[in-house]
Amino acid sequence: MKLSFLFYAFSSLFLACMFCTYMIGSPVLSSMDFEGWVFFVVSAISHASMFMLIPYLVTIPFHLMGLKKVALGIQGTMVALLFVLNFINEQVYAIYKFHINGFVFNMLTGPAAGDIFTFDAALYFKEIGLLLLVVCIAIVAYLLSRYVYAKRGKAYALPIICAFVGCTLYAHLWNIYADFYQHRSVAKCAKLLPYFFPTTSKSMMTDVFHLTPPDSYGQLDAFEESEDIIYPLNPLKVETPDSLPNILVIMVDSWSKRCLTEDNMPNTFAYAHESEWYQNHISSSNGTRGSVFGLFFGLPSYYWNSFDKAAIRPLFIDLLKKNNYDIQTFVSAGMEGPPFARVIFGHVKGINPKSYGVNPFVNDTKATEDAIHAIQKHGQKQNRKQPFFYYLFLDLAHSYHGIPDDVNSVYKPAWSFADYSKLSNDIDPTPFFNLYRNCCHYDDVLIGKVLVTLKQQNFADNTLVIILGDHAQEFNENKKNYWGHSGNYSKWQIGVPLIVHHPSAVASQPIAYSHRTTHYDVIPTIMHDYFGVQNPLEDYSLGHMLHDTTSRDWHFVGNDLNYAFIVGGDTILEHQGNGAMDVYDSKMNDVQGYDIDVKKFNAAMQRVNRFYK
C-alpha cells in the first residue's frame, strides 16, 4: 500500500501540472497576479489530489487481499485514463469554454461524429502522439514512486496528507475571502479547473464576521475591460429618435400561463387583448437568476460570473442612463440574493436593493404602492418629457406566504399555505393550485391598479408596457412528480406569458402571436425599435426581433453548470452539474438512444460562446 500511496502522490502532482497548462493561451493569463498564481497552483494540486484519490481508494480492497500487482495494475490503468480524459477535456475547453460533458461524449462516440470532427492525417498522428505522451506521463509517475520507495522504503504519508489537506483548505478558505472582496484574478482562474467548485460564503462574512463587501449596492461608475470577453462584438451604432417612450416592466415571479384567464386574472387578461400577446413565449431559465439576467442582457446566465467579475452591465440600462431616464425599481423580494442590484443595475445610483421585509403579500402590496406613487409623482413634474423606466417585480405567486383568508378564498378548496411535505405524484394538486391561483388573482388586482394609474396620469399613450413572468411554476402537469420550478426545463417551468403594449404612436394592432419567442428577444427588440440601435442583434444578444417568426430551435436555458438546449418538438437536451447528459421529450419522458445532430450542436455552442475570446 505504501507504493500505491506514493503513486497516488506523484500522479496527483503530474495531474496538477497538466491542470496548469490550461493557462497556456488562455485570456485569463493577462489577468493573473501573484495572488492569482498562488491560488491557481495550490488549487490545481488540491483538485488533482481529489481526482487521483479515486484510483487509490479503489485499490485498497485488493491490497488487503494481498493482490498487490492487481492493485497497482488497476491503479495505473485508472491514472492513465484520467490523464487521457484531462487531455481531451483541455482541448474541449479551448473550443467550447466548458469542460467535457455528456454532450461532447455523445458527439465523440456517436455515429455522426465524423460530420464535424474531420482532420487530416498529420493531425491524427499528432493527437495519437500526444495521447501516448500522456500515457507515458502516467508511467513516469509510477516509476518515480517505485524509485523513491526502493530507495527510502517510506510512503511519507503524513507530510503528503498534510500538504494535500493544507492545499485544499487554503484553496477554499482563500476563495471565500477573494470572492467576498471581488479579487478578479482568483475568480477568473478558478473556472479553468475542470469541475472545480470552490467554496463561497458571503452570508457568513457579513452575518458572522460583520464585514462589508466593496460596492455592496453595486454602484459601479467605471467599467474594467475584460480580457476574455468581447461584448458587444462591435460598438453600438445608435440613431436616437426625437422622442423616447416611458417604459414599465412588470414581472410576476413563477407565473404559469394557466392563470392568465379572464376568470383568474381579469385585468391582465383584458390588457392582453389590447396588446401584443405572445402565447408561445419561453424564459431563459427555470429560476429567477437566469430569467432576469436573460431578459435584461438578451443572453443566458451562462455569462453571469464572467460579466459580474468584469463589471459588464446591460447595454439597455446604459441606453436608459444616456437618455436621462428616471430609473427606479420596486422589487418585492429585494435584489441582494441574487444580487441584481449589482449585476443588472450596478451603475445606476439610488437603486434600493433591500426587500420590504414583511411577507410576500405585504411586500407585493408595498412595491405596487411605491410604483403607483412614482408614476403619480412623475406626472406632477414640470418636465413630464423626461422619460421613466420603472421595474415592478411581484413575488407572491412564488412564495404564497402571508395571504389573508379572504384573499385566499376566490378559488376553493385551497391550502392555507404551501405544505411541501404533502406533495407526491399521487396527490390531487387542486388545493395547492387554488392557493397559487388566489395569489395570481391578487397580483392581478395590483397590476390593474398600476394600469389605471397610467391612464389617470395620461401616460397610457406614451408608455411601453411589458408584463411577463420570470419563469413558470409546475404543478405536476406531466405526472412526473415535479412541483414548482428549477426542477426541469419543460414548458411548465419555462413557458410564461408575455404581453407587450406599445405607445399609441407605434402602428400596431392588438394581436395574439403563436410563434415561439424567448426572453432573449425582448430587450433587443426595444433597443432596435425605440432607441435606434442599428447593429444586428447578433452583436449583443442571442435573441431575435419579437415579430420575427424564425425558429428558436436550440434555445439555451439555464446557467454554466446546469443547462439545456430546447430542440425540435421541445425535446430537452439537459446537461447536469455532474457532466452527464439526459434527454427528455416535451412531457419529461426519457428518450433513449438519442443522437445529437453534431453540426447543429456545434453551431449552437459557437453561437452561445461567441462573446468569449
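This is a short tour of selected helices, cores and loops in the structure above. The model is predicted. Keep the viewer open and select as you read.

**Stop 1: the nonpolar cores**

Select Phe316, Phe345, Phe389 and Phe531. These residues have the most contacts inside the largest nonpolar core, which has 73 residues. Which helix gives the largest share of this core? Color α18 to see the answer: it supplies 7 residues. Now add Phe269, Tyr271, Phe388 and Phe432. They belong to a second, separate core of 48 residues.

**Stop 2: α12 against α18**

Stay with α18, residues 519-531, and show α12, residues 315-322. Two packed helices are described by the angle between their axes and the distance between the axes. For α12 and α18, the axes come within 10 Å and cross at roughly 30°. Angles under 35 degrees count as roughly parallel, so α12 is roughly parallel to α18. The crossing of this pair is left-handed.

Now turn on side chains. From α12, pick Leu315, Phe316, Leu319 and Leu320. They meet Ile523, Ile526, Met527 and Phe531 of α18. How many residues of this contact are nonpolar, polar and charged? There are 8 nonpolar residues, no polar ones and no charged ones. Two names here should be familiar from the first stop: Phe316 and Phe531 are among the residues with the most contacts inside the largest core.

**Stop 3: α10 against α18**

Keep α18 on screen. Swap α12 for α10, residues 288-297. The axes of α10 and α18 are 6 Å apart, and the packing angle is about 30°. That angle makes α10 roughly parallel to α18.

Select Ser291, Gly294, Leu295 and Phe296 on the α10 side. On the α18 side, select His519, Tyr520, Val522 and Ile523. By class, this contact holds 5 nonpolar residues, 3 polar ones and no charged ones. Look again at Ile523. This residue takes part in the contact with α10, and it also meets α12.

**Stop 4: α1 against α6**

Move to the start of the chain. Show α1, residues 2-20, with α6, residues 157-180. Their axes come within 11 Å and cross at roughly 35°. Is the crossing left-handed or right-handed? It is left-handed.

Display Phe5, Leu6, Tyr8, Ala9 and Ser12 from α1. Their partners in α6 are Ala157, Ile160, Ile161 and Phe164. The contact divides into 8 nonpolar residues, 1 polar residue and no charged residues.

**Stop 5: two alanines**

Select Ala187 in α7, the helix of residues 184-190. Ala187 counts as partly exposed because its relative accessibility is 24%. Draw a line from its C-alpha atom to that of Tyr93. The two atoms are separated by 17 Å, and the residues are 94 apart along the chain.

Now jump to Ala341 in α13, residues 340-343. Is Ala341 buried or exposed? Its relative accessibility is 4%, so it counts as buried. Draw another line, this time to Gly568. Here the C-alpha atoms are separated by 36 Å, across 227 residues of chain.

**Stop 6: two cis peptide bonds**

Zoom in on Tyr231 and Pro232. A cis peptide bond joins them, with omega about -10°. Pro232 sits in the loop between α8 (202-207) and β1 (246-252).

Next, find Lys412 and Pro413. The peptide bond between them is also cis, and its omega is near -10°. Pro413 is in the loop that runs between α15 (396-399) and α16 (430-456).

**Stop 7: two positive phi angles**

Finish with two loop residues. Select Lys479 in the loop between β7 (474-475) and β8 (483-484). Lys479 is not a glycine, although its phi is positive, about 55°. Its relative accessibility is 52%, so Lys479 counts as exposed.

Go on to Ser486, which lies in the loop between β8 and α17 (491-494). What is the phi of Ser486? It is near 70°, a positive value in a residue other than glycine. With a relative accessible area of 47%, Ser486 is partly exposed.

Terms used
Residues numbered from 1 in each chain as written. Predicted model: local features only at pLDDT ≥ 70, side-chain atom pairs only at ≥ 80, totals over all residues. Heavy atoms only, no water. Axes fitted to C-alpha atoms, helices over the stretch in contact; angles between N-to-C directions. Helix = DSSP H or I, 4+ residues; strand = E, 2+ residues; numbered from the N terminus. Parallel < 35°, antiparallel > 145°, perpendicular 65-115°, else oblique. Left-handed = near helix turned anticlockwise from the far one by under 90°. Contact = heavy atoms within 4.5 Å. Nonpolar A, V, L, I, M, F, W, Y, C, P; charged D, E, K, R; others polar. Buried < 20%, exposed > 50% of the residue type's maximum accessible area, 1.4 Å probe, protein only. Core = buried A, V, L, I, M, F, W, Y, C linked by side-chain atoms within 4.5 Å.
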